[in-house]
Amino acid sequence: MGGKAAPSAPDAHYHHLDALRGIFMLGGVFVHASTLGDDPIFNGIAYASGLFRMADFLLISGFLSAMLVGKYGPARTVRRRLASVGIPFVCTLVLFN
């Protein structure tokens, strides 16, 4: 009678994905720095990154997006994404134009 309702989706947090995302972000610093000059080390970093980094980033993003759709439903997920991405995008367009 006074019990809590069961949540619609478990609130699981995948710490290893946070670590992997952080590694990719740190690698991104070196990749973007590799465009500053013509050094063999930086060229190697850029080439190695092109082999896997963006594909892995998109895979993780898709997984996390599927988790959001499972947790909030498609309509609420789109509204939340538009609010968190669309508002800064529109503000940037206004400020830069």
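Good morning. The protein chain before you contains 3 helices and 0 strands. Please keep in mind throughout that this is a predicted model. Read from the N terminus, the elements run α-α-α. Of the 97 residues in the chain, 11% count as buried.

I shall take the helices in order, beginning with helix α1. This helix spans residues 15-33, and A33 lies in it. Is A33 buried, or is it partly exposed? Its relative accessibility is 23%, so A33 counts as partly exposed; the cut-off for a buried residue is under 20%. A33 can also be paired with a residue further along the chain, A46. The two are 13 residues apart in sequence, and their C-alpha atoms are 9.1 Å apart in space.

Let me turn to helix α2, which covers residues 40-72 and includes F57. Here there is an annotation to report. The unreviewed UniProt entry carries the annotation "transmembrane region" for residues 45-69. What does the model show over residues 45-69? The chain there is 100% helix and 0% strand, and the C-alpha atoms at the two ends are 35 Å apart.

Two residues of helix α2 deserve a closer look, namely D56 and F57. For D56, the relative accessible area is 28%, so this residue is classed as partly exposed. F57 has a relative accessible area of 39% and is therefore partly exposed. Each can be related to a residue earlier in the sequence. D56 and F24 are separated by 32 residues in sequence, while the C-alpha to C-alpha distance is 8.7 Å. For F57 and L20, the separation is 37 residues in sequence and 9.2 Å in space, again from C-alpha to C-alpha.

We come now to helix α3, which comprises residues 74-96 and contains R79. Two surface patches are of interest in this part of the chain.

The first topic is charge. Which residues gather in a patch of positive charge on the surface? They are R76, R79, R80 and R81. Within this group, R79 is exposed, because its relative accessible area is 54% and the cut-off for exposed is over 50%. R81, which also lies in helix α3, has a relative accessible area of 44% and is thus partly exposed. R81 may further be related to L68: the two residues are 13 apart in sequence, and 9.9 Å lies between their C-alpha atoms.

The second topic is the nonpolar surface. F89, V90, L93 and V94 form a nonpolar patch there, and together they present about 390 Å² of accessible area. One of these residues, L93, is located in helix α3. With a relative accessible area of 39%, L93 is partly exposed.

To summarise, the chain has 3 helices and 0 strands. The annotated residues 45-69 are 100% helix in this model. The surface carries a patch of positive charge made of R76, R79, R80 and R81, as well as a nonpolar patch made of F89, V90, L93 and V94. Thank you for your attention.

Technical notes. Residues numbered from 1 in each chain as written. Predicted model: local features only at pLDDT ≥ 70, side-chain atom pairs only at ≥ 80, totals over all residues. Heavy atoms only, no water. UniProt positions renumbered as here; feature names shortened; annotations may be inferred. Helix = DSSP H or I, 4+ residues; strand = E, 2+ residues; numbered from the N terminus. Patch = residues over 30% accessible without salt bridge, like charges linked within 9 Å, V, L, I, M, F, W, Y side chains within 5 Å. Areas by Shrake-Rupley, 256 points an atom, 1.4 Å probe, with all protein chains shown as cover. Salt bridge = Lys/Arg side-chain N within 4 Å of Asp/Glu carboxyl O. Lys, Arg positive; Asp, Glu negative; His and termini not counted. Charge placed at Lys NZ, Arg CZ, Asp CG, Glu CD. Buried < 20%, exposed > 50% of the residue type's maximum accessible area, 1.4 Å probe, protein only.
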